[in-house]
Amino acid sequence: MRWLLQKDVLILRRSRLLVALLILYPVAIALLIGFAISRSPSHPKVAIVDQTPAGETVRVGSERVPVSQYVDKLLSQVEPVHVATRAQAVEKVKAGEALAALVIPPNVAARLSSGTTQAAVEVLYNGDALQQSLVQSTLNSAIAQANIRFSEGIQQAAAKAINLLLEGGNLGVLGAPENLMGLSEIPPTLQRVVNRQPPGADRRALERVSSFANFAAQNLSASKDVLSTVGQPIQVKSALLHGRRTPLSTFAVVVAVSVSLMFVCVLLAAGGVALEREERSLARLLRGLVSREALLVEKGSLAAVCAFVVALAMLAGVGAFVALDWSRAGLWLLALAFGSVAFGSLGVAIGAIAREVRAASLLAFLLSLPLAFLALVPSGSVTGGLYGAIGAISFVFPFKASLQALDAAVNGATPSIGLSLVHLAVLTVLFGALARFGLRHAE
Amino acid sequence: MSAVLRVCDVSKRYGQLQALRDISFETGAEELVAIVGPNGAGKTTLLSIIAGAQEPSAGEVITMAPVPGARSRVGWAPQQPALYSKLSVAENLSLFAHLEKVADPGRAVERMLEQTGLSGRADERLDRLSGGNRQRVNLAIGLIADPPVLALDEPSASLDPGQRGRLWEFIGGLAKAGTSVVFSTHNVVEAQRYAERVIVLDEGDLVFNDTPGALMRAVGEDEAGDFERALVAFLAKRARG
């Protein structure tokens, strides 16, 4: 096996394009992922038509909330391209100079101040489905955030007005009487007056007014709480039932490394076995010079070692951009080692079945790509039956188990790494047996 | 003549297809034996079974003279060169010398380079060699362990007349040195010229096993006559029953 391994390393070294790819691929992917994760996302370019008059405010009782507060919040989420009219905005979107247009009509303040009608903004989209989806979700989020911010402003103004009604004081409105009595002061004042009244119709009438004032003061006080509930009726408090929370950035790293590990390993192992058939040397080797098992182990091991080094380089490279827990590096090595051996086993099975390198590479690629895709389908995004089928397919190939092992190693995610390693070991044996079956005929 | 190779009742079946049926013969040291027959007769299958590249469905192949230390008792040169195109001539030879567990691989490589006249091209990569030179390397790998039996499948198929002449001279030298050579060929003139014995296969059956002269006589041809015509007549006579 030593001589066969030496020969394969020599052939690999002479395949300059392949070696260059093996070196450049992890570097390029690591840099791309690193930059993509470490840089904040760019804001979509949106044409803005702000038709609200300058200094426009929404009046809430004696308080005024500037409309610019709403507009500023919206603009902070996008790259604004200011235009004067709706027609100009439409032109910008049609010409591709902006991905969307946002029209803020002049009557926003008036409609809000009316207290009976909702204000509305208009959004116009263009671009392909992906761009639309990106812009739509960004704008929806921006509008939602601006709405919350604006409603908070209105809420605070309303609470202030209610407070003034309850506590009394100066309204600050031109012509309004100074030092007004607060609603909360009326019930005790009235009660003192009632106590001085002789029994009779006047006293009963005053008692009724006093109990109403008392009721009104209590409920008006409660209405401040109601306002905050209406402003944001449901707060989200999330809790993870098991495992630990995995940051999206480190999960993205795990996915990228697992995909690279799979592609490099499966393609190399499949190509290595198929090359022996293509060079017609397989029959020569298998007539007693090398056993079928030794040949498969050699091809799988070489591919696994190469893929392991590539994946580890990627992980270390991305680690320069993303905070990884280096104290878990021992577990990374374990997960990468088991994953690469399992992919090597899958690769030699593909190579043993295919008759030539091109067919083996194509088969390896066609199998690997959907496997990676299927393993990333989240539960609940498809019907239960379909998810079950996807789960079963993912279970019998090493990608998902490898992804889970690496996720557990890097992020401490569940299932535990031990379970995933056992899964990978079983798959290694199964695909090894399949490879041995595929290699039963040398020619 | 003592037998070096003994093929005993060898049969080979691929599913429903009977490729070989109860083939038995022996070859001796210093003997050159040609296997001829029409396409699909089973020549390549028989040679690959002799070489150990395929298992027979029934029967066995016995080689009498073991090579101390070496793994293969039968050297094999398949019809299509089985070589690594990204390795040089010397690297290919060295790899198989080590895999064959030859006692002194370096010396064996030098010997084969010398014998095949490839010493000047030892460092050239296989994918830069002509078809004839590739076939020489293919043959050299078959001989690297100095086996007592050599199985050659269409050894001269891709060679020009000059190269063919040198190849047969080389193979003749091997036979004289004690190697038992079994080769298949479509070129029946080569079989008549170089082989001491001809084995004729037809649809998986061994139908003739004797000297070329005996085959000529069997169809009433003069021994100096056309061997190809005699073979065709022999097969036609057999087909008629």
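A salt bridge is counted where a side-chain nitrogen of Lys or Arg lies within 4 Å of a carboxyl oxygen of Asp or Glu. The model is predicted, so local features require pLDDT of at least 70 and side-chain atom pairs pLDDT 80 or more, whereas totals for chains, interfaces and linings use all residues. Residues are numbered from 1 along each chain as its sequence is written, chains are lettered from A and ligands numbered from 1 in the order in which they are written, and side-chain values use heavy atoms, without hydrogens and water.

**Figure 1. Salt bridge between B:Glu26 and B:Arg6.** The side chains of these two residues meet with an N to O distance of 2.7 Å. B:Glu26 belongs to strand β2 (residues 17-28) of chain B and B:Arg6 to strand β1 (residues 3-14), so that the pair links parts of the chain 20 residues apart (strands are DSSP runs of E of at least two residues, helices runs of H or I of at least four, numbered from the N terminus). Over all chains, the structure holds 21 salt bridges.

**Figure 2. Interface of chain B and chain A.** In this view, 29 residues of chain B are in contact with 18 residues of chain A (heavy atoms within 4.5 Å). The two chains bury about 2,200 Å² between them, 58% of it on carbon and sulfur atoms (accessible area, 1.4 Å probe, lost on being put together and summed over both parts). B:Tyr84, B:Lys86 and B:Leu99 supply 28% of the area that chain B buries against chain A, more than any other three residues.

**Figure 3. Salt bridge of A:Arg287 with B:Glu100.** The closest N and O atoms of this pair are 3.9 Å apart. Across the interface of chain B and chain A, 2 salt bridges are found. On the side of chain B that touches chain A, β5 (74-77), α2 (89-99) and α4 (131-143) of chain B each give two or more residues. The largest share, 5 residues, comes from α2(B).

**Figure 4. The largest cavity.** The search of the whole structure finds 1 cavity of 30 Å³ or more (on a 1 Å grid over the protein atoms alone, points where a 1.4 Å probe fits but cannot get out). The volume of the largest cavity, about 30 Å³, is the space filled by probe spheres set on the points, which are joined across faces, edges and corners. Lining residues, with an atom within 4 Å of a point, are A:Arg284, A:Arg287, A:Leu289, B:Trp76, B:Phe96, B:Glu100, B:Ile141 and B:Gly142.

**Figure 5. The largest pocket.** Its volume is about 750 Å³ (a pocket is an open set of points with protein on both sides within 12 Å along at least five of seven lines). Among the 25 lining residues, A:Leu12, A:Leu18, A:Leu267, A:Leu268 and A:Gly271 lie nearest the centre of the pocket. The largest share of the lining, 8 residues, comes from α9(A).
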